[in-house]
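Student: Please take a close look at a single part of this structure, one strand together with what surrounds it. I should like to follow the reasoning residue by residue.

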Amino acid sequence: MQLCIYSTNMHRKHTKKNFKNVKNIPSNRIHLEGIAHSLLPENIGGERSIPWARHQMVVTKFKDSERFSSSSYAYVDNLDPVVNFTKYYDDNESIVDQDLVFWITLGTHRIPHTEDIPLASTVGRELRFFLMPNNYFPECPSMNSRDALFIKHIDPKDKAKGVEVNRNGNSRDQCVTPKITLEDVLFRNPDLALESRRVNFVF
């Protein structure tokens with residue numbers, strides 16, 4: 001799976017004001033979960049049509065002519081691809097103080113096993129990435145959340161005394177999940193389990 005992120009503010013000008021409360025350089029951080037190295041040999045067979053799979057992430061300068069990493073004709077033009085992704089980064093252009101494009105590749109290796117029958121399991125195969133601030137704030141921004149709870153030991157030296165919960169003015173009912181049963185859900189919408197309201201194949 002190949003994802004593309006366009007950004008016009010991924011870079012940040014480093015001024016004395018930015019460093020007032022933060023000693024480290026403010027930046028952005030991309031955390032990938034779902035990394036899988038391509039096992040196909042380069043430039044052999046159909047691999048030419050998916051050169052983006054060779055890299056977990058490629059950062060390029062934004063260009064109107066570079067919108068896609070592949071094309072719908074990828075599997076029929078292996079020798080001379082309509083979209084050759086390698087040309088996006090072979091020019092080795094500077095990306096300093098430029099609008100950037102992050103080409104992120106996520107994947108997983110599947111090893112068939114007998115438990116796939118009759119349903120192939122997907123547990124533990126999530127593919128995702130996180131775009132997070134790095135040294136932008138003096139502390140975690142969630143500390144300013146209105147519904148935040150702060151839990152600490154009553155006595156750090158004697159943890160057996162238990163913990164203290166600071167609700168920051170929130171009532172006890174605000175963080176309680178409403179009790180609901182499967183019967184309540186199906187009473188509102190039986191079609192979630194068995195089709196019961198369809199007439200002539202039209203809801």
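Tutor: A residue is called buried here if its relative accessible area is under 20%, exposed if that value is over 50%, and partly exposed in between. The model is a predicted one, and the part chosen for close inspection is strand β3, with T60 as the point of entry. T60 has a relative accessibility of 3%, and because this falls under the 20% limit, the residue counts as buried.

The burial of T60 belongs to a pattern along the strand. Side chains in β3 alternate between two faces: V58 and T60 point to one face and are buried, whereas M57, V59 and K61 point to the other face and are not buried. For the chain as a whole, 20% of the 203 residues count as buried.

What surrounds T60? Apart from neighbours within four places in sequence, T60 is in contact with Y88, Y89, I95, D99, L100, V101 and W103. One of these residues, W103, also meets T60 through a polar contact, in which the two side chains come to 3.0 Å.

The pairing of the strand comes next. Strand β3 runs antiparallel to β4, and five bridges join the two. Within this pairing, M57 of β3 stands opposite I104 in β4. T105 also belongs to β4, and this residue is buried because its relative accessible area of 7% lies under the same 20% limit. The side chain of T105 reaches the backbone oxygen of H55 at 3.2 Å.

These two strands can be placed in the wider chain. The chain has two helices and seven strands, and their order from the N terminus is β-β-β-α-β-β-β-β-α. Among contacts with a separation of 6 or more, 63% are between residues 24 or more positions apart.

The loop that follows β3 brings in charged side chains. K63 forms a salt bridge with D91, with the closest N and O atoms 3.3 Å apart. That pair links distant parts of the chain: K63 lies in the loop between β3 (57-61) and α1, and D91 lies in the loop between α1 (87-90) and β4 (100-105), 28 residues away. K63 has a relative accessibility of 23% and therefore counts as partly exposed, as does D91 at 36%. K63 also forms a salt bridge with E93, at an N to O distance of 2.9 Å. Here again distant parts of the chain are linked, E93 being in the loop between α1 and β4 and 30 residues from K63. E93 is partly exposed, with a relative accessible area of 35%. Together with E66, the residues K63, D91 and E93 are linked in a network of salt bridges.

A further salt bridge joins the side chains of D64 and R67, with 3.2 Å from N to O. D64 is exposed, since its relative accessible area is 56%, while R67, at 39%, is partly exposed. The structure holds eight salt bridges in total.

Between the acidic partners of K63 in sequence stands N92, a residue of the loop between α1 and β4. N92 has a positive phi of about 55 degrees although it is not a glycine. Its relative accessibility is 68%, so N92 counts as exposed. A positive phi is also found at N43, again not a glycine, at about 60 degrees. N43 lies on the other side of the strand in sequence, in the loop between β2 (27-33) and β3, and is partly exposed at 40%.

The loop after β3 also contributes a nonpolar side chain to the surface. Y73 is located in the loop between β3 and α1, and its relative accessibility of 52% means that it counts as exposed. With Y75, V76 and V82, Y73 forms a nonpolar surface patch that has about 530 Å² of accessible area together. The accessible surface of the whole chain is about 16200 Å², and 56% of this belongs to carbon and sulfur atoms.

In summary, β3 carries V58 and T60 as buried side chains on one face, is joined by five bridges to the antiparallel β4, and is followed by a loop in which K63 meets both D91 and E93.

Methods
Residues are numbered from 1 along each chain as its sequence is written. This is a predicted model: local features need pLDDT of at least 70, side-chain atom pairs count only at pLDDT 80 or more; totals for chains, interfaces and linings use all residues. Side-chain values use heavy atoms; hydrogens and water are left out. A salt bridge is a side-chain nitrogen of Lys or Arg within 4 Å of a carboxyl oxygen of Asp or Glu. Helices (H or I, at least four residues) and strands (E, at least two) are DSSP runs, numbered from the N terminus. Buried means under 20% relative accessible area, exposed over 50%, partly exposed in between (1.4 Å probe, protein chains only). Contact means heavy atoms within 4.5 Å. Accessible areas come from the Shrake-Rupley method with a 1.4 Å probe; for residues, only the protein chains shown count as cover. Two strands pair if DSSP finds at least two bridges between them. A polar contact is a pair of N or O atoms within 3.5 Å; within protein, one must be able to donate a hydrogen and the other to accept it, and residues adjacent in sequence count only if both atoms are side-chain atoms. Patches are made of residues with over 30% relative accessible area and no salt bridge: like charges are joined within 9 Å, nonpolar side chains (Val, Leu, Ile, Met, Phe, Trp, Tyr) within 5 Å.
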